[in-house]
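Hi,

Here is the structure I promised to pass on. Have a look at it first, and then read my notes below.

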Amino acid sequence: MVAVAKAHPNIALVKYWGKRSEAEMLPDVGSISITVSGMLTTTKLAWDDPEANTDGRDVVIVNGESRPDEVGKVSAWLSRFREHNNISQFARVESINDFPTGAGLASSASGFAALAAAAFADAELSPTREELSRWARRGSVSAARSLHGGFVELFREGDSHATQILAEDEWPLDVHIAITSSLRKDVGSTSGMKTSAERCPYYGAWVESQEADLQTAREAIAAKDFEKLAVITEESCLKMHSVMMATPPGLIYWNAGTLEVVHRVRELRRQGVGVTYTIDAGPQVKVICEPQNSERVKDALNDLKGIERLIHAGLGGDIEVTRQ
Ligand code: PMV
């Protein structure tokens, strides 16, 4: 039997950057995200795979390739899962992303969410949503958010887990993802945020100001106030990137195309169009608007030279898992 899990990536509006425990994968700040449709990670997992169990090791294939850098993290997660659930078998995991991997498009978020759901399903275990979210977090903190559709909050406190704030159909939004480079990034989020916590002089201020930003975003989402959400989304993004840039020797994830998109979105805002943007640990810009402004936003981005590809998405739903 094989379990198949399908998860969407998510994009944080109020960002997470930094851990209070590396070992337990606990975030130093809470965060709020939207789950996006249009991009999908599909993960198949089998605990009784003959090849894996004869060789005595997990087999991990991402996008058709066995990548040692991915295998390490996934195997460590599988070992912990095995130990906790008294499973003696090794797993075969095959995961496919229908979007660029490791380029700041949250492939680790959808990847570990799908892995956790498939690992439980193939072991015929039924965790609570909270438990599943915690297990996804142990692979990648942002993965805790990819279990839920729509608007999601990941809490800092305790054994952090994520819950849904608003379902995807309660306040539909459009997302235009401007791919400005599909190369893999040089510095991954794990090592980047560790260096920020250790060496960025503004890190303390970043952590301290987070609760106020979360509260603003919660209010904006509850009231479906796009303008309020737009302002806090942009502020949180720029704050996080300021922390990154002030992390010696300087974590600069942006390229020229990134800045081109940022300026174009700000120009649209000045013209009164309800639109905002956010950027993760990579050069892509996620442009978010209400559906009635989508055509105008798309037209405004279309002629920018720095954009390689524009992906149009909406809000995605909950993770799906089946056993075949
Ligand atoms: O949990 P990770 O390692 O995928 O880190 C995610 C960090 C950011 O994408 C930059 C911000 C966020 O909250 O998603």
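The shell around the ligand divides into seven nonpolar, four polar and three charged residues (Ala, Val, Leu, Ile, Met, Phe, Trp, Tyr, Cys and Pro count as nonpolar, Asp, Glu, Lys and Arg as charged, and the others, Gly among them, as polar). Before you go on: this is a predicted model, where local features need pLDDT of at least 70 and side-chain atom pairs count only at pLDDT 80 or more, while totals for chains, interfaces and linings use all residues. Residues are numbered from 1 along each chain as its sequence is written, and side-chain values use heavy atoms, with hydrogens and water left out.

Back to the ligand. 14 residues surround it (each has a heavy atom within 4 Å of it), and the closest include Tyr 16, Ser 140 and Arg 145. An N or O atom in the side chain of Arg 145 is 2.7 Å from a ligand oxygen. For Ser 140, the distance from a side-chain N or O atom to a ligand oxygen is 3.2 Å. Tyr 16 uses its backbone instead: an N or O atom there lies 3.0 Å from an oxygen of the ligand. On its own the ligand has 380 Å² of accessible area, and the protein covers 92% of that (Shrake-Rupley method, 1.4 Å probe).

Now, is His 161 buried or exposed? His 161 counts as buried because its relative accessibility is 14% (buried is under 20%, exposed over 50%, partly exposed in between, with a 1.4 Å probe and protein chains only). Leu 183, at 65%, counts as exposed.

Cheers

Terms used: A polar contact is a pair of N or O atoms within 3.5 Å; within protein, one must be able to donate a hydrogen and the other to accept it, and residues adjacent in sequence count only if both atoms are side-chain atoms.
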